[in-house]
There are 2 protein chains.
Amino acid sequence: MISKNLTKHILALHSKKNRDEKSLFIVEGEKIIIEFISSDKYKIDKVVGTNQFKSKYFEILHSKSISFIEVSEDELKKISSQTNPNQALAIVHKLNVNSSPINSVTGIALYLDDIRDPGNFGTIIRIADWFGINQVFCSKNTTELYNPKVLQATMGAILRVNVTYVSIDLLLKENLNTKVYGAVLNGNDIYKTKLENGIIVIGNESNGISEPILNLINDPITIPSSKINGSESLNAANACAIICSEFHRQLNY
Amino acid sequence: MISKNLTKHILALHSKKNRDEKSLFIVEGEKIIIEFISSDKYKIDKVVGTNQFKSKYFEILHSKSISFIEVSEDELKKISSQTNPNQALAIVHKLNVNSSPINSVTGIALYLDDIRDPGNFGTIIRIADWFGINQVFCSKNTTELYNPKVLQATMGAILRVNVTYVSIDLLLKENLNTKVYGAVLNGNDIYKTKLENGIIVIGNESNGISEPILNLINDPITIPSSKINGSESLNAANACAIICSEFHRQLNY
């Protein structure tokens, strides 16, 4: 059974303010929780789950010394943010994504300039993982990494990609000789540009790359549209997918 | 002022069942409504908007003989599905997307096999528009085109791309000699495959392409991942973006 205090504690973590204050976040869903436990990247505070979940994953819960609170499905429903909660919910310690030392970029890294949509942010991390891009840097105004919709959209890629919130100035200070590409609407045709390793800047969904960052870009690149009076732009995550694909193709084929 | 009946009528159109029954749907937002009025692709039933909207767009409303109901911002709020309604809401007649005669595909067409997420569906239509793909076919179980989240995600591309719900059998009957590509996890490396015009099948977010359709695919293609133990797949819209980009590049560069 779950205590009133723990219920209150978990419900509080559904809001960003409390996640920030306590430096904890929530992961929901059987598969993703087991991935979190297995990966050792994050420290698990505790797992709250059904008897069925406990029986199924007894070995790994035991071998990783996970603190486990057994609850009924009804109790789980009350603390879950999902309409159909999935056997368990984990409370996880955040990584300090703000003050990690910034290393030199090797290969390709992404810099997200104020990506606001959680689905876009999450799928961009999934794209990075797919193409072996291990570093995703974000401006301070990029949406919160531990928002449940972001976590969900990463589909576990959050465990394999390093995400760091850092100003572009600080990042470039450590990467003086790195090429800085930017996805813009009137840059060089990406299919005709010889792409090399570097940092790729992806801008905000509505406003694109902000003015101060635009000035730091050496290589503006564009996915040309086939239509003269067609859509004005692509969705930010879709543009990012195409750009990462084209970098990957040129560097590996 | 808005009548009780019209209020009720509009509120009803927020549900798919009523949109289906009345063959009407709702478009919200100043810019997209003007795009709908300008394009002539859809017949506008009426526009409900503020005095400010009417003054700003008086000419086009008049020249296109649009029936206009003036309301206060408070009234607009009551009939809108948005938290911050944007000056106007339009009631629009659906196109008959189910029984359009199926023509032969020229160039590239997409076939969506049960895309369920409205955001994915909408951005796929936007991707198609970007790359000059004018035909998007969908299985009957693909999400509803007139769902407000789909409309929003198309960002107006719905006005420039033809969307038709049709079984793959019927589509292929009219396209006997057309290549059928399918996005799968273990097909031919897309970057090494010589891509030609044809139909590209994109599968459901969780299950990929369904078994009966898989059997109809001549050319299974895959975006190879750079990692052995990385993400299992890409988001369906992101995969579609990369595939359309690679077709575009190979056919035009």
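Two strands are taken to pair if DSSP finds at least two bridges between them. Helices (H or I, at least four residues) and strands (E, at least two) are DSSP runs, numbered from the N terminus. The model is predicted: local features need pLDDT of at least 70, side-chain atom pairs count only at pLDDT 80 or more, and totals for chains, interfaces and linings use all residues. Residues are numbered from 1 along each chain as its sequence is written, and chains are lettered from A and ligands numbered from 1 in the order in which they are written.

**Sheet of chain B**

In chain B, 4 strands form an open sheet with mixed pairing, in the order E1-E4-E2-E3. Strand E1 (24-28) and strand E3 (68-70) of chain B are its edges, each pairing on one side only. Neighbouring strands of this sheet are turned by 20° against each other on average, direction ignored. Strand E2 (residues 44-49) of chain B pairs with E3(B) in the parallel sense over 3 bridges; B:Val47 stands opposite B:Phe68 in E3(B). Helix H3 (residues 30-39) of chain B lies across E1, E2 and E4 of chain B and runs at about 35° to E4(B). Such angles run from 0 to 180 degrees between N-to-C directions, with axes fitted to C-alpha atoms, for helices over the stretch in contact.

**Contact between the chains**

Chain B and chain A each bring 30 residues to the contact, where two residues touch if their C-beta atoms, placed from the backbone, lie within 7 Å. On the side of chain B that touches chain A, H11(B) gives the most, with 8 residues. H11(B) has 17 residues, and 14 of them are buried, that is, have 20 or more other C-beta atoms within 10 Å of their own (exposed: 12 or fewer; partly exposed: in between; C-beta atoms placed from the backbone).

**Nonpolar core**

The largest nonpolar core has 155 residues, and A:Leu110, A:Ile124, B:Leu110 and B:Ile124 have the most contacts inside it. Such a core is a set of buried Ala, Val, Leu, Ile, Met, Phe, Trp, Tyr and Cys residues joined through C-beta atoms within 7 Å. Not counting residues up to four places away in sequence, A:Ile124 touches residues including A:Leu110, A:Val136 and A:Cys240.

**Positive phi in chain B**

Two loop residues other than glycine are listed here.

| Residue | Phi | Loop | C-beta atoms within 10 Å |
|---|---|---|---|
| B:Gln87 | near 75° | between helix H6 (73-79) and strand E4 (88-93) | 19, partly exposed |
| B:Met155 | about 50° | between helix H8 (148-154) and strand E7 (162-165) | 20, buried |
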